[in-house]
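Please find below my notes on the model, set out as numbered points. They are best read with the coordinates open.

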Amino acid sequence: MCFSKTRPDDRPPHDPGRRGVVAVILRGETMLVIRRSSRVRAPRTICFPGGGIRDGEDEPAALVRECREEIGVEVRLIRRLWECETAWGVRLGWWLAEIDAEAVPTADPAEVEEILWLRPDEMASHPDCLVSNRVFLAMIGEGKISLV
């Protein structure tokens, strides 16, 4: 589960723990979604592109790098949408992003098995959708997060 507020824990204040970023890329009424490769964490699940933040990176730099690596496109970040902490202790920053209309995302097979363009309801009802993504989509449906 992805919690909208960070859970209290025993980490010292200077230790941010594991951190990651997520890109929400829209094209019309669809969103760019990936199926993770069988060789990464949470294999073969459906989720938004993104990944871990490396030492010395901020969220924007990490998300630009992750999208370049996973789907081979340059993203422009529009705004930060949400922050949550997953049940496995990763703090995620969710960003609305865009790519050029002519850009053709290409999966890096080491990380991504498939690229899909799905409507929010299609993604939420997909049996392989990652739980944290379902929580995010539900919050959009409830009007708690706006993509406009």
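1. Strand β2 is the element that contributes most to the lining of the largest pocket, supplying five residues. The model is a predicted one, and the pocket is described here as it appears in that prediction. Its volume is about 590 Å³. The elements that each give two or more residues to the lining of the largest pocket are β2 (18-27), β3 (30-36), β5 (50-52), α1, β7 (90-98) and α3 (131-141).

2. The lining of the largest pocket comprises 29 residues, and those nearest the centre are R36, R41, G50, G51 and G52. By character, the lining residues divide into 14 nonpolar, seven polar and eight charged.

3. Helix α1 deserves separate attention. It has 13 residues and spans 18 Å from its first C-alpha to its last, close to the 18 Å expected at 1.5 Å a residue. At the N-terminal end, D58 acts as the cap of α1, with a side-chain oxygen placed 2.9 Å from the backbone nitrogen of A61. Just beyond the helix, G72 adopts a positive phi of about 65 degrees.

4. Which residues of α1 are buried? They are E59, A62, L63, V64, R65, E66, C67, E70 and I71. The buried residues of α1 pack against strands β2, β3, β5, β6, β7 and β8 (112-118). As background, residues three or four places apart in an α-helix point the same way, because there are 3.6 residues a turn.

5. L63 is a member of α1, which covers residues 59-71. Is L63 buried or exposed? L63 has a relative accessible area of 0% and is therefore buried, the cut-off being under 20%. Beyond its neighbours within four places in sequence, L63 contacts V21, V22, A23, P49, G50, V75, L77 and W95. One of these contacts, G50, is also among the residues nearest the centre of the largest pocket. The C-alpha atom of L63 is 9.5 Å from that of W94, although the two residues are 31 residues apart along the chain.

6. E85 belongs to strand β6, residues 76-86. With a relative accessibility of 1%, E85 counts as buried. Its side chain has a polar partner: the side chains of E85 and R91 make a polar contact at 3.4 Å.

7. H126 is located in the loop that joins α2 (120-125) to α3. The relative accessible area of H126 is 19%, so this residue is classed as buried, for which the value must be under 20%. Setting aside neighbours within four places in sequence, H126 is in contact with R35, I46 and R134.

8. S146 lies in the segment after α3. At 40% relative accessibility, S146 counts as partly exposed. Apart from residues up to four places away in sequence, S146 touches R79 and L81. The C-alpha atoms of S146 and L81 are separated by 7.7 Å, with the two residues 65 residues apart along the chain. A polar atom of the S146 side chain also lies 3.2 Å from the backbone nitrogen of V148.

Technical notes
Residues are numbered from 1 along each chain as its sequence is written. This is a predicted model: local features need pLDDT of at least 70, side-chain atom pairs count only at pLDDT 80 or more; totals for chains, interfaces and linings use all residues. Side-chain values use heavy atoms; hydrogens and water are left out. Helices (H or I, at least four residues) and strands (E, at least two) are DSSP runs, numbered from the N terminus. Buried means under 20% relative accessible area, exposed over 50%, partly exposed in between (1.4 Å probe, protein chains only). Contact means heavy atoms within 4.5 Å. On a 1 Å grid over the protein atoms alone, a cavity is a set of points where a 1.4 Å probe fits but cannot get out, and a pocket is an open set with protein on both sides within 12 Å along at least five of seven lines; lining residues have an atom within 4 Å of a point. Grid points are joined across faces, edges and corners, and a volume is the space filled by probe spheres set on the points. Ala, Val, Leu, Ile, Met, Phe, Trp, Tyr, Cys and Pro count as nonpolar, Asp, Glu, Lys and Arg as charged, and the others, Gly among them, as polar. A polar contact is a pair of N or O atoms within 3.5 Å; within protein, one must be able to donate a hydrogen and the other to accept it, and residues adjacent in sequence count only if both atoms are side-chain atoms. The expected span of a helix is 1.5 Å times one less than its number of residues.
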